[in-house]
Amino acid sequence: MAGIGFELRKLLRSQSYLGLLRAYSYASIISSGPWVFSILGLIVTGLLSLGVVVPNLLITQFQVTVTYLIMSSLVLSGGLQLGFTRWVADALYAKRRDEVAPAFLGVLLLSTAVAGALGWMAALFLFPRESNLYRVLLAGGLPLLCDIWIVTVFLSGLKQYRAILALYAGGYGLSVLQSYLLRGWGLEGLLAGFLGGQFLMWTAMMWLVLRNFPPTRPITLDCFKRGAMFPSLLAGGTLYNLGVWADKLVFWYTPQTSSVVIGPLRASTIYDLPVFLAYLCVIPGMGVFLVKFETDFVEWYDKFYTAVRAGGALQDIARFHDHMQDTVREGIYQIIKVQAITLLALYTFVGPLFHAIGISDLYIPLFLVQAVAASFQVLLLAVLNVFFYLDRRREVVFITALLTALNLGFSRVSIALGAEWFGYGFAVALLITLITGLMLVQRLFRRLEYQTFMLQGS
Amino acid sequence: MNADSAVAQPSIDVMLLLEGTYPYVSGGVSSWVHQIINGFPELRFHLCFLGSRREDYGEARYKLPANVVGLTEHYLFSEEVLPKARGRQGDRATAELVRKLHTQLREPGDDADAGRAARARVLEQSLQAMEGRLDLQYFLHSRQSWSYLTEQYLERCTDPSFVDYFWTVRTMHTPIWTLAALARSLPPARIYHTISTGYAGYLGAVLARITGRPLVLSEHGIYTKERRIDLFSAQWISDNMPVLERNAGEAGYFRALWIRLFESLGRMCYDAADPVIALYEANRLRQLADGAEPATTCLVANGINVPPFAATRSQRPAQPPAVMCLIGRVVPIKDVKTFIRAVRVASGRMPGLEGWIAGPEDEHPDYARECHELADSLELGDRLKFLGFQKLVELLPKVGVVVLSSISEALPLVLLEGYAAGVPAVTTDVGSCKQLIDGLGPEDEALGSAGAVVGIADAQGLGEACTALLSDPAAYARAQAAAIARVERYYTQPIMFAKYRAVYEDALARSDQASATAAPARGAVATALREGRIPQAAKAAGADDVGHTAATAGRLAPADTRATSPGMGNHPQVTGSG
């Protein structure tokens, strides 16, 4: 993702606080845009439908359905997102550019087929009491969202951040608008409007991809052959998404914290709203993450590997190693700093803020815990990013598996401990995973040269 | 031969250790190996071929004789032999041992035995350690190994590129383990015979150490010297010093590292081998300089098949033809240009003299073209002829003097073939040429000079020497007589086989007695050969004075028939020797 670094560096070069602010704001918007849009989109659609779609349960049903679609599509496609992005990077590095488009279409074909089949079976067997239109939308929505995530990751691999941002703004705008227009048809109307907007967004994304990679060869499933994609990346991608959603799933499927919303889908009224709102608090952290890891880190990373490959002196290699390590440490500190300030500000102003948007004070404690947890998640993302860059896939699998296990376990414990502990399960799971990850990063840096040279091909 | 009594003996008599040569590469050394195997049909040979990577070689270039009972191939730089990368710590004691072994290898050793005992201990300890904790996995993947490597890089490496250092060290050391493992997996043999030092020589040293069987070394070129030339001109070794810091004539660090490795391996082989055989005296002296023990060194020259050439003597005109002839490929190493200039000098002094160049021109077309242009610019016209490839038995009777203007030669067979046909020679002072012209040792020298030796690139001297010889019938006749006497006394195939027979019989006898009686002193057979005796052959032929003292070819009848084996069939033609 070195491309964004160039633009950021241009902004940073202005040497003024305003320039710095612009760079970080730009980075924040770039990095958090897509999911901010999706959260806001859902909330806005709900607000716009109030009073028109009756009963209000229908709005909740719409929001929960979409949340489940997002969750299950992320878990389903998480492995492919990582595995295929890496495959594309390798193919481009090896100058096999013409193989990308056929493989890309092959990946989409397979993900559509698998997610479509799963969606269709879910709609058929799990929602016998819902309307056929709802079930059709459900069966179509799952593969659509899977494909969107894959295309998104593909585009970000091509450094098309601005295009992604614009597409998500446009796509979610369209989704909100269409849902607003179709709200007269109730749940199905909202869902159809939302998915319609998403479909148009996906179409535009596909157009962008295929313009960059005009397919000149027939579609192929070659990248599913043994050895083409790294199984560790497939596992890591799946586990990461599973790990991040595990606490939500626990809360949704524990009877005392949840209620049925539609078919087998359950939601947790206490848990869900603060959790999703909390994710909005990490926008500054994400900005720092992007600036630090996409400019400074990548710069030293490139120098390090250039020195390794192109015959640098060991002393130079060690120097670049130190710089790389420094930027990781600095990046982590800066994320901690900026998130700490954000959290302090939130802590101070959360009461008036919640009053202003009309959310009950009861949510405040859980919201604050979740905001801390989300900040940990940004840090964890930074740690994972280091492992991705240094190609330590085994560590990625270990960390994401640890996150999944801890999040499942601690969330259940937090429920057993009572309402005042809600949210701590997720936070503690992330904290432990984060510390483990940091220790692994430290260990990795201690033996980076040894590993790079002596354990090649391991 | 003791084959009958060898009930508990290995079924292989001689294990030949062949690095980058027979049977997959053709050339002078390979022809010689083929000749030796065919020359001893009663011995069972096993070939151990060492190559770089399998894909570097094609099909076998020789049909293996029936007495080759096995062939083991080993590829030094193939990935297959390497263990899978697995990180591990590696223990401190092993790290200390590695440090100690390296220090010992670097030290010259005490003067008493030129460090031989110390080197033997290093080899012994290394072999033991490699069986235990100091395995290839330790060297390739352990943290201790890594920290030693980086420490050595910081301390010694004068080339900035760490990645090149890393791969150089790794590549050059890995065969030390894989060959030690190979040595343990090879079938047992009574004696080991390596045709070079280098990796094959190291394998021989390891085999001699672990089996206690004799090792014979025959060096045709000097491995260490040839590698030095290779390494100086090698493109694949990067040299990363900035141009301004580079010293002309100074090998880059990695080249120096390779050279030191080959010198070390060479010394190990010289220590283990008995006898250490060179083709000619200059090479023997090089071996001594490289650390061979004087008592173990000796000469066994290549022998030619004399009769076909001797038969052509009757076709020679009474007066020597006024023809100076360079026989060899038209390539820079033969320095054909100096020959052409010498023809200009000679033909100026002796009207009617012609210069001939007999050899293919296709190997180095640019150089051949330059030679033609040079001849034109000197306006030699008909006085210089490019003959191309010629059959020597037809060519030699028409030649007055064979000329070699080479800047490098080993033991050029064309000189000997010319001698056998009664043609004296004028050569540059390279390789064994001086030994072939003037003789080696008092008896040989007493035969007289078979021509003249001049300096490298000395066209004037070369031309004058040729005219001096061709214009003085008495001197010419003396040179001719010396030439014939020298080739028949020292450089025939039967003599070469008799000497190798002695070498093999001595080694086989030592192998069989290894545990029984006290081992004979090192260098016994080599000393005998150096002093002009062929020890074991005395038993059979009743003459202990063959070879460099009195023998004529005819007296070594038992080996004679085999000596004219098919392997020699290409020699009466223009050979690419050197």
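Start by selecting chain B: of its 578 residues, 48% are buried. Keep in mind as you look around that this is a predicted model.

**Stop one: chain B as a whole**

Colour chain B by secondary structure, and you will be looking at 23 helices and 13 strands. Next, turn to the contacts within chain B whose partners are separated by 6 or more positions. What percentage of them join residues 24 or more positions apart? The figure is 76%.

**Stop two: where chain B touches chain A**

Now show both chains together. On this border, 14 residues of chain A are in contact with 18 residues of chain B. To find chain B's side, select three helices of that chain: α4 (136-141), α5 (143-156) and α6 (162-185), the elements that each give two or more residues to it. Which of them should you zoom in on? Try α5(B), whose five residues are the largest share of the side that touches chain A. If you colour chain B's side of the contact by residue class, you will find nine nonpolar residues, six polar ones and three charged ones.

**Stop three: a helix pair in chain A**

Hide chain B and select residues 57-93 of chain A, which form helix α3, along with residues 132-157 of chain A, which form helix α5. The axes of these two helices come within 7 Å and cross at roughly 35°. Which hand does the crossing of α3(A) and α5(A) have? It is right-handed. Colour the residues where α3(A) meets α5(A) by class to finish the tour: this contact has 16 nonpolar and eight polar residues, with no charged residues.

Terms used:
Residues are numbered from 1 along each chain as its sequence is written. Chains are lettered from A and ligands numbered from 1 in the order in which they are written. This is a predicted model: local features need pLDDT of at least 70, side-chain atom pairs count only at pLDDT 80 or more; totals for chains, interfaces and linings use all residues. Axes are lines fitted to C-alpha atoms, for helices over the stretch in contact, and angles run from 0 to 180 degrees between N-to-C directions. Helices (H or I, at least four residues) and strands (E, at least two) are DSSP runs, numbered from the N terminus. A crossing is left-handed if the near helix is turned anticlockwise from the far one by less than a right angle, and right-handed if clockwise. Ala, Val, Leu, Ile, Met, Phe, Trp, Tyr, Cys and Pro count as nonpolar, Asp, Glu, Lys and Arg as charged, and the others, Gly among them, as polar. Two residues are in contact if their C-beta atoms, placed from the backbone, lie within 7 Å. A residue is buried if 20 or more other C-beta atoms lie within 10 Å of its own, exposed if 12 or fewer, and partly exposed in between; C-beta atoms are placed from the backbone.
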